[in-house]
Amino acid sequence: MPRTDPEGHGPVRFGPPLPEDGLPVLPELSAVLAAAAGRAESEPVGGGPALLEAACGYWDRRGLPTEPDRVVAAPGAPALLLALTAALGGDVLVPRPCAAWWAPYARLLGRPVFHVPTSAESGGVPDPYALLETLGRVRAEGGDPRLLVLSVADDPTATVAPPELLHETVQAAVGEGLHLVSDETWRDTLHDPHDTVLLSPAEMLPEQVTVVSDLAGALLPTGWPAAVARFPVGEADGDGLHARVLDVLTALGARVAAPVAAAGGYALGEPEPVTARRRAAVRLHARVAAAAHTVVVTAGAVARPPQAGRHLYVDLDPLRPALGALGVGDAQELEDFLAARLGMPAPGGHRFGDDLGALRVRLSTGPLLGGGTDEQAAECLDAPAPLELPHVQRGLTLLESIFDDLRDDLRDDAGRWEPPR
């Protein structure tokens, strides 16, 4: 079975990073970081006691009882996934599309990566029947699949997998002997937490699932790299995997910087300033994402309604004739076209494992906040109607004008080819 690794180099092959939130750093986080800046000693590989205890408390509050000897911290989720992939061995399966940083770390280790289609209702979790079919094909060709990476709150699609779909996929994967890594970076960014049910695979099968969470999702700025992993409980393999991952992190020298570890421990403790900022930021990005979604679907593009995170995933294939007239025929050309006109990153779907020929793109909400001063960004958090602020209106108006032009071009083309009556 052919692998679906994209060709390319550098940023095209390994980018893009997590979407920025476009907001100033929380002052209380800055204060904690500054207070720890004078520490000369380094944080231990895997994280110090304070950071690990804070991570345990974070998961305890989410119904996943955790002990410090089953937790590891690293400078970002990519380092953790690299260590997990190295420790587990074998081939790797991921959904199509998937977070841009999942596949490169398997490739660096020389591990085959196979993409599995997702369902129509959500991304992040492979369709269970497609998963079984892919496993059969890989094994028939001599492959050795051992690891499935998935995400219930997804980057890039910004959707949340329904519990019933997740249950079927998890059962199918474990029945086939796969270890699961659940990327839960965006679990705390649900746009409508009262009406959206998010279930962790670790709640279903705690002995077969490793949970990874990058704190840049909801707790820390993206420029302060820190992530935590929770290993399986209740069986010896969790101990063995924990030890092997620590070995890899030690070989890499992958330590969380001491000031960042202090800030991460504070944020994981979820004091009121952190939770208040998180609520306000999620509410803001949800409003901007909903407005951007309305813009793109009104223009004729296709996008699932965003449910989490600070991004949305748009399929512009219905606008292909208009884009083709502008020289845009694949995802890389679409990325270049939109990035130049929007003045913001607009990574094409090929970066997330989608076909290069598909006209898909991830749009982030952070740059739509106006890209102005910290004062303007802070004003977005406090405003009762943030979409009416001039600097936010400018970003959304620019997006609307670009998509409206594509829609109008498509209508003009259709009119020129319409037969006379």
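## Exercises on a predicted model

In helix α3, the buried residues are L51, L52, A54, A55, C56, G57, Y58 and W59. Keep in mind that this is a predicted model. Grab the structure and let's work through it.

### Exercise 1: Helix α3

Task: Find out how far α3 reaches from its first C-alpha to its last, and which elements its buried residues pack against.

Solution:
- Start with the extent. Helix α3 covers residues 49–60, which makes twelve residues.
- Now the reach. From first C-alpha to last, α3 spans 16 Å, close to the 16 Å expected at 1.5 Å a residue.
- Next, look at what surrounds the buried residues. They pack against the strands β1 (71–74), β6 (209–214) and β7 (227–230), and also against helix α10 (258–268).

### Exercise 2: A three-stranded sheet

Task: Work out the strand order of the open sheet that holds β8, β9 and β10, and say which strands stand at the edges.

Solution:
- First, the order. The open sheet runs β8-β9-β10, and the pairing is antiparallel.
- Second, the edges. β8 (302–303) and β10 each have a single partner strand, so one side of each is left without a neighbour in the sheet.
- Third, zoom in on one pair. Strand β9 (residues 311–315) is joined to β10 by five bridges, and the two run antiparallel.
- Fourth, pick out facing residues. L312 sits opposite L363 of β10, while V314 has V361 of β10 across from it.
- Fifth, check how covered β10 is. This strand takes in residues 360–364, and four of its five residues are buried.
- Last, see what lies across the sheet. Helix α11 (residues 272–298) crosses β8, β9 and β10, and runs at about 10° to β9.

### Exercise 3: The largest pocket

Task: Describe the volume of the largest pocket and find which element gives the largest share of its lining.

Solution:
- Begin with the volume: the largest pocket holds about 380 Å³ of space.
- Then count the lining. There are 26 residues, and those nearest the centre are D21, A218, L220, R277 and R310.
- Finally, sort the lining by element. Helix α11 gives the largest share, with six residues. That's the helix you just met lying across β8, β9 and β10.

### Exercise 4: Unusual backbone spots

Task: Locate the cis peptide bonds at P97 and P156, then decide whether A158 and E270 are buried or exposed.

Solution:
- Take P97 to begin with. The bond between R96 and P97 is cis, with omega about -5°. P97 sits in the loop between β2 (91–96) and α5 (102–108).
- Move on to P156. The D155 to P156 bond is cis too, with omega near 25°. You'll find P156 in the loop between β4 (145–150) and α7 (163–175).
- Stay in the loop between β4 and α7 for A158. A158 has a positive phi of about 65°, although it is not a glycine.
- Now E270, which is in the loop between α10 and α11. Its phi is positive as well, about 55°, and E270 is not a glycine either.
- To settle the burial part, use the cut-off: buried means under 20% relative accessible area. A158 has 0%, so A158 is buried. E270 has 14%, so E270 counts as buried.

Methods:
Residues are numbered from 1 along each chain as its sequence is written. This is a predicted model: local features need pLDDT of at least 70, side-chain atom pairs count only at pLDDT 80 or more; totals for chains, interfaces and linings use all residues. Side-chain values use heavy atoms; hydrogens and water are left out. Buried means under 20% relative accessible area, exposed over 50%, partly exposed in between (1.4 Å probe, protein chains only). Two strands pair if DSSP finds at least two bridges between them. The expected span of a helix is 1.5 Å times one less than its number of residues. Contact means heavy atoms within 4.5 Å. Axes are lines fitted to C-alpha atoms, for helices over the stretch in contact, and angles run from 0 to 180 degrees between N-to-C directions. On a 1 Å grid over the protein atoms alone, a cavity is a set of points where a 1.4 Å probe fits but cannot get out, and a pocket is an open set with protein on both sides within 12 Å along at least five of seven lines; lining residues have an atom within 4 Å of a point. Grid points are joined across faces, edges and corners, and a volume is the space filled by probe spheres set on the points.
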